[in-house]
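The exercises below are meant to be worked with the sequence and the coordinates side by side. Try each task before reading the solution that follows it.

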Amino acid sequence: MDPVLLQKQVRDNAEDLRNHMQELKNWEAEMKRKESELLASASGNQALPPVRSKIKRTSIDQKSKHEKQNERPVRISGYDYTAWDKFDVDKACEELDIGGHEESEEDGDDRVSDTEEKRLREEAVYEKIMGNDLVKNQKWKEAIQCYSRAIKCFPYDAIFYANRALCYLKTQDLRSAEVDCTTALQLDSSYVKAYQRRAMARIRLGQLQEARADLLKVMELEPKNMESKAELMKLEKKINIKPQQKSVKDSSSGACSIVIQQTEKQAQTSSVIFESEKVEEETGKQNESEWSCSKQIIKEKNKLIPRTSGKKTIVATEIEKKAKCSSNQEIVDGQSGESWLLQNIASQEQIWPTHGQVTLVQSIHKPPHLRSKKALKRIEIREVDNTSNHECEESTKACTNGAASVGNESNQIALGIDAREHKSDKEQTLEEICEVIDAESNKIKPVPEKANSVSQNTVTELLSGKESEEVPPIPKTSVQFLAAWKKVRTNPRLRYLYLKQIPGADFPKIFHDCLESSTLSDIISTIKTGFLQFKEPALPYIMGLSNVRRFGALAMFMSQNDKAGIKEILKYCKEQGECSEEDCTDIVKKYELY
Amino acid sequence: MEKPQVITYAEKSTSLSLFDCRWIPCSAKFVVLGSKPRGTGVINVYEINEGDIQLVKEVEKTKAFKCGTYGASSLQDRYLATGDFEGKLNIWNLEDTTAPIYSAAAHKEIINSIDGIGGQNIGCGAPEIVTGSRDGSVKVWDPRQKGKPVATMEPAEGDARRDCWAVAFGNSYNSEERIVCSGYDNGDIKMFDLKTMSLRWETNVKNGVCGIEFDRRDISMNKMVATTLESKFYVFDVRTQHPKKGFAYLTEKVIVEFVTLQAHKSTIWVVRHLPQNREIFATCGGAGTLCLWKYNYPARRVMCDTDGNEMGVMGTTSLLQNATLSTQPISNLDWSPDKQGMAVCTSFDQTIRIIIVTKLNTL
């Protein structure tokens with residue numbers, strides 16, 4: 001080694017050491033300060049798991065006590081003199097003495113007399129009730145104190161621990177929540193809520209495998225627990241992603257087995273999804289047949305389709321004639337990037353002269369995963385009163401031309417939606433969306449997005465009077481609701497109408513405790529898109545939903561998206577003035593929107 | 001010269017046989033446990049003051065103390081749990097040592113080893129103390145339960161009782177999971193799962209096991225180091241278990257890859273992981289040497305065998321530094337939890353040493 005370098009390093013080391021020594025002196029002083037601080041500070045109260053064998057022992061003790069009570073000592077009959085002759089009084093007395101002695105030794109100072117125990121238990125139950133009230137008012141800290149007192153009085157009730165765990169969960173004290181759940185489960189190993197809460201705590205603590213085990217246990221105990229099922233699926237997705245990342249990170253294949261396990265699970269869930277998709281497809285077909293019912297004319301080969309499959313434009317055209325309206329309206333609802341294409345042309349001789357060249361573009365149903373991911377464009381729809389058939393015809397031509405031009409000037413598509421409310425009949429609010437393309441201009445210009453228009457992926461569809469009759473009747477049970485919901489699910493318009501006819505306050509009656517989080521999120525999105533658009537009162541619905549039994553658990557599992565939806569609805573309600581401050585805070589509380 | 005240096009910062013000669021030393025958490029003080037020549041037990045509290053070791057308090061009891069831990073006590077309390085030559089487990093409040101605050105006749109013979117958990121790391125389960133004794137049993141204690149262990153692991157009646165030399169807690173990453181590992185004089189290492197109350201795994205390393213430690217107690221178990229007589233120590237990757245076929249205990253049996261290293265040319269008494277960096281650990285040998293090691297993970301920690309079962313893959317250990325501190329064996333060493341690179345060690349030449357290891361932050 002270079003002697004100069006060596007010398008430098010030796011010097012550096014010495015310097016290092018000196019610094020270290022200096023640092024140590026500072027450290028000594030700091031530690032002394034810290035220590036005095038520590039001594040001054042009060043001891044924090046943290047939930048501790050119970051003594052390992054204590055619970056088992058007490059339960060055994062209780063059991064053995066019961067057994068003892070059951071098996072009474074064999075009584076000697078008063079007439080059985082020979083037996084009495086053999087009876088050793090001294091021995092019996094001795095036994096009694098020893099028995100009493102043993103008991104007192106065993107229990108030591110833990111022993112509490114029965115009446116005392118009864119009193120303590122009553123006190124604990126009282127504290128629990130207090131705690132439950134506080135929980136209802138969301139006073140978590142105070143509730144924790146109540147439950148802690150209850151536990152102090154009577155530490156062998158799983159409910160106290162599980163309830164306190166909920167409060168800890170709410171106050172983000174995850175470790176304590178987990179500990180309390182564990183304790184509750186040691187006391188009562190079939191306590192579903194404790195498993196659920198521990199799973200929540202563990203998910204948030206990042207102990208996903210353990211959380212999964214807990215949820216699986218829940219499924220084992222309560223196979224119909226939908227919230228946990230949903231949560232389990234979510235978690236499994238998460239686990240599936242996580243180990244993969246990890247295996248990349250420290251390049252271990254440790255995740256292998258987990259992934260394999262998960263895929264099995266997923267196969268099951270995906271089959272479920274398949275089924276639901278099938279159902280959807282079926283309803284889609286139904287819709288299609290409905291479409292075909294309304295008279296359609298195909299006059300040209302669908303030239304548009306190949307272009308749209310090039311994923312440039314989707315033109316959904318629907319033409320409808322209303323008897324009352326003198327105006328003929330042609331609707332072109334175009335959404336670039338989306339991949340389905342609708343064009344329905346109602347053949348009404350007055351509107352559509354037979355000599356006109358009409359293009360019918362049939363609907364294409366693509367599953368969601370094949371659809372384009374590009375952002376949707378909004379098209380502005382302007383209203384035109386079609387005074388003459390001729391003009392109308394021209395506009396259709398323009399439409400086709402426009403669509404044709406799309407092929408060439410792909411990005412210069414003008415699309416627009418203008419929703420106009422049209423109240424015609426007593427019961428039906430029919431919405432008409434129309435678009436007019438200037439007959440003169442072949443080129444269509446892009447228009448800016450409209451602020452209060454429909455949410456992007458909702459395709460607003462027109463509804464003829466005929467279709468509206470398809471709205472299922474008002475449900476009485478959750479089964480009816482779900483069956484009907486399945487039918488209307490795919491059609492936002494129908495969904496809205498269906499929901500509208502159900503009084504919001506009836507939700508608790510309909511659902512009892514069968515409301516699932518997926519249904520809830522559907523309903524929320526329908527309210528958001530439908531009711532807000534048509535300025536219908538939405539408050540009864542969200543109030544009604546929040547009154548459904550076990551709603552608290554659902555609210556716990558609500559997605560961010562749903563919560564945002566509720567917030568929007570609430571805002572709307574306030575704007576509409578149908579919602580008082582009290583209602584508002586109540587809803588915020590129930591939906592946990594903070 | 002880029003390597004960390006091991007420097008003796010302060011030395012203090014005593015008249016005691018020193019067995020164990022522990023830093024008092026959150027302070028510049030430490031306790032040493034030992035015995036006086038006449039056989040009485042001593043707990044001494046020392047403080048580092050301006051680079052000097054000063055005796056703060058001396059407590060003398062009738063029986064010699066073998067080992068102690070602060071692991072099961074909270075930072076506020078800082079109660080010391082000790083095991084003595086008589087087999088008694090005591091917990092002391094060092095402010096008032098007239099009587100122990102907890103006492104149990106834990107074993108019939110000397111308690112060789114003690115470990116505590118659940119005090120400082122909040123949310124990782126109940127505070128518990130494990131003791132290993134010459135009578136062959138390993139017992140787990142909860143300071144809240146008087147007089148009785150919460151779990152006992154001992155050979156069945158009539159089986160040979162091996163001297164238990166080392167015990168350690170691990171895997172306590174939530175309120176349920178917990179593992180106790182014990183090492184015996186015949187080279188057995190046994191791993192007990194306290195959650196399921198079962199023997200999870202056992203192996204034999206041929207030589208008596210003097211020291212066992214998990215790299216961290218409060219994480220899901222990652223690595224474990226066992227030191228033995230005849231200058232070998234074993235590093236186990238305890239992250240991945242491999243179920244071995246064709247044995248009675250097929251689901252419980254694990255094969256853990258290990259690395260054997262020969263360094264001290266004599267018994268390795270103790271292994272201690274650095275609290276600030278779990279890949280670095282020190283082993284202290286019979287000849288008064290201290291070795292500093294670093295464990296390097298392999299590129300892949302897990303691989304599948306032909307049956308698709310996972311097994312762990314070992315990395316390597318590299319010797320960072322070795323230093324001879326005394327002529328007699330080093331009986332114990334404890335890294336300061338509050339100051340990286342500082343440790344106290346006791347040796348059989350009746351001397352307490354504060355050592356400093358530099359450049360640990362650059363590793």
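**Exercise 1.** In this predicted model, find which residues of helix H10 of chain A are buried, and compare the span of the helix with the expected one.

*Solution.* Begin with the cut-off, since a residue counts as buried when its relative accessible area is under 20%. By that criterion the buried residues of H10(A) are Leu208(A), Glu210(A), Ala211(A), Arg212(A), Asp214(A), Leu215(A), Val218(A) and Met219(A). Next take the length: the helix covers residues 208-221, which is 14 residues, and at 1.5 Å a residue it should span 20 Å. The end C-alpha atoms are 20 Å apart, which agrees with that expectation. Finally, consult the record, in which UniProt (unreviewed entry) lists residues 192-225 of chain A as "repeat: TPR"; in the model this span is 82% helix and 0% strand, and its end C-alpha atoms lie 10 Å apart.

**Exercise 2.** Describe how the side chains of Glu123(A) and Arg119(A) meet, and place both residues in the secondary structure.

*Solution.* The two side chains form a salt bridge, with an N to O distance of 3.0 Å, which can be checked against the limit of 4 Å for such a contact. Both residues belong to helix H5 of chain A (residues 114-136), where they are four residues apart, about one turn of the helix. This spacing suits a contact between side chains in general, because an α-helix has 3.6 residues a turn, so residues three or four places apart point the same way. As for their surroundings, Glu123(A) is partly exposed at 32% relative accessibility, and Arg119(A) is likewise partly exposed, at 41%.

**Exercise 3.** Carry out the analysis for Lys590(A) and Asp586(A), which form a salt bridge, and state how far apart they are in their helix.

*Solution.* The closest N and O atoms of this pair are 3.5 Å apart. Lys590(A) and Asp586(A) both lie in helix H23 of chain A (residues 581-590), four residues apart and thus about one turn of the helix. Lys590(A) has a relative accessible area of 29%, and counts as partly exposed; Asp586(A), with 27%, is also partly exposed.

**Exercise 4.** Which parts of chain B are tied together by the pair Lys190(B) and Glu202(B), and which residues are joined into one network by salt bridges that share partners?

*Solution.* First establish the contact, a salt bridge in which the N to O distance is 2.7 Å. Lys190(B) lies in strand S16 (residues 188-193) and Glu202(B) in strand S17 (residues 198-204), so the pair ties together parts that are 12 residues apart in sequence. Glu202(B) is partly exposed, at 29% relative accessibility. Turning to shared partners, one network is made of Glu178(A), Arg198(A), Arg202(A), Asp214(A), Glu176(B), Glu177(B) and Lys195(B). Over all chains, the structure holds 45 salt bridges.

**Exercise 5.** Why can strand S18 of chain B be called largely enclosed, and to which strand do five bridges join it?

*Solution.* Six of the six residues of S18(B), residues 209-214, are buried, so the strand is largely enclosed by the rest of the structure. Five bridges join S18(B) to strand S19 of chain B (residues 223-228), and the two run antiparallel. As one pairing to locate, Glu213(B) has Val225(B) in S19(B) as its bridge partner.

Notes
Residues are numbered from 1 along each chain as its sequence is written. Chains are lettered from A and ligands numbered from 1 in the order in which they are written. This is a predicted model: local features need pLDDT of at least 70, side-chain atom pairs count only at pLDDT 80 or more; totals for chains, interfaces and linings use all residues. Side-chain values use heavy atoms; hydrogens and water are left out. Buried means under 20% relative accessible area, exposed over 50%, partly exposed in between (1.4 Å probe, protein chains only). Two strands pair if DSSP finds at least two bridges between them. The expected span of a helix is 1.5 Å times one less than its number of residues. UniProt positions are given in the numbering used here, feature names are shortened, and annotations may be inferred rather than shown by experiment.
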